[in-house]
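Biologist: I'm new to this one, so could you pick a single part and walk me through it slowly? I'd like a close look at how the charged side chains pair up and what surrounds them.

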Amino acid sequence: MRYTVSTKLRTSALKRIRFAPVALLAGIFAAVLLSLSLTGTLSGFAASITNSSNTAASGTLIMQEQNAGATVTCLSTDGGSVSTNSATCSTINKFGGSTTMTPGNTVNTAISIKNTGTAAASTFTLTPGTTCTQSANGSANGTATDLCAKMNLVITSGSTTVFSGTLASFKGAAASAFTMPAAPAAGASVPFNFAVTLDSSAGNTYQGLAASVPMTWTFTA
């Protein structure tokens, strides 16, 4: 019995000796893992930049027309919205709207065209309609059929003459648009004056008649 117990004790001691290095290595490995988990990384220097505001946006190109006294204003958005951006303005008569002109009489009408948007215009044009329409003015009307050839028009912008001729030659002039002196930047205005004169050679047959030509102003950007 004494021999058996001694043998068992020696065997148990050898097992403990063999197990000790394994347990020590396991403990070291666990300590390294714990250290890594606490420090997060073993890397050195680091630098970074985050760009938080990266945007691009479109501007607007909106036309405003006003009479000389700024009592009447028309906007290109009056047709609905900036998505349409095209409107008809019938409240500013460029030919003055006089119904009592006599031969040699001139009517001047001053207006301004303004870019009320946020983007500068690259081109600015004026396009006359394709027809000059003659109609009756009142109940007593002359028999002439060519009033458009007897109405003279001069359009100026400052010292620049945009057009000079009869309404008959103004309508559909050169089948293209007139280029304005300068395309306005955002917030800038361009003045214009329309001088309409009934030719001094007009006789009685031109009484009680009216002439009209539509026109379109255009900005592009």
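Modeller: Sure. Keep in mind that this is a predicted model. A search for salt bridges turns up one in the structure. Its partners are Glu-65 and Lys-94, whose side chains meet with 3.0 Å from N to O. In general, side chains of opposite charge can pair when their charged atoms come close. Here the pair links distant parts of the chain: Glu-65 belongs to strand β1, Lys-94 sits in the loop between β2 and β3, and 29 residues separate them.

Buried or exposed, what about Glu-65? Glu-65 is buried, with a relative accessible area of 8%. Lys-94 is buried too, at 9%. Both values fall under the 20% cut-off, so both residues count as buried.

Now follow Glu-65 into its strand. Strand β1 covers residues 63-67 and runs antiparallel to β3, residues 106-115, with five bridges joining the two. Across from Glu-65, in β3, stands Ile-113. Zoom out, and you'll see six strands forming an open sheet in the order β2-β1-β3-β9-β6-β7, with antiparallel pairing. The edges belong to β2 (73-75) and β7 (160-166); each has a single partner strand, so one side of each is left without a neighbour in the sheet. From one strand to the next, the twist averages 20°.

Back to the loop between β2 and β3, where Lys-94 sits. A disulfide reaches into that loop as well: Cys-74 is joined to Cys-89, S to S 1.9 Å. Cys-74 lies in strand β2 and Cys-89 in the loop between β2 and β3, so the link ties together parts 15 residues apart in sequence. The link is right-handed, with 55° about the S-S bond. Its two ends differ in cover: Cys-74 is buried at 10% relative accessible area, while Cys-89 counts as partly exposed at 22%.

For contrast, look at the other disulfide, since the whole structure holds two. Cys-132 is joined to Cys-148, S to S 2.0 Å. Cys-132 is in the loop between β4 and β5 (133-136) and Cys-148 in the loop between β5 and β6 (151-157), so this pair ties together parts that are 16 residues apart in sequence. With -90° about the S-S bond, that link is left-handed. Cys-132 is buried at 18%, and Cys-148 is buried at 8%. Number the bonded cysteines in sequence order and the pairing reads 1-2, 3-4.

Terms used:
Residues numbered from 1 in each chain as written. Predicted model: local features only at pLDDT ≥ 70, side-chain atom pairs only at ≥ 80, totals over all residues. Heavy atoms only, no water. Pairing = 2+ DSSP bridges. Helix = DSSP H or I, 4+ residues; strand = E, 2+ residues; numbered from the N terminus. Axes fitted to C-alpha atoms, helices over the stretch in contact; angles between N-to-C directions. Salt bridge = Lys/Arg side-chain N within 4 Å of Asp/Glu carboxyl O. Buried < 20%, exposed > 50% of the residue type's maximum accessible area, 1.4 Å probe, protein only. Disulfide = S-S within 2.5 Å.
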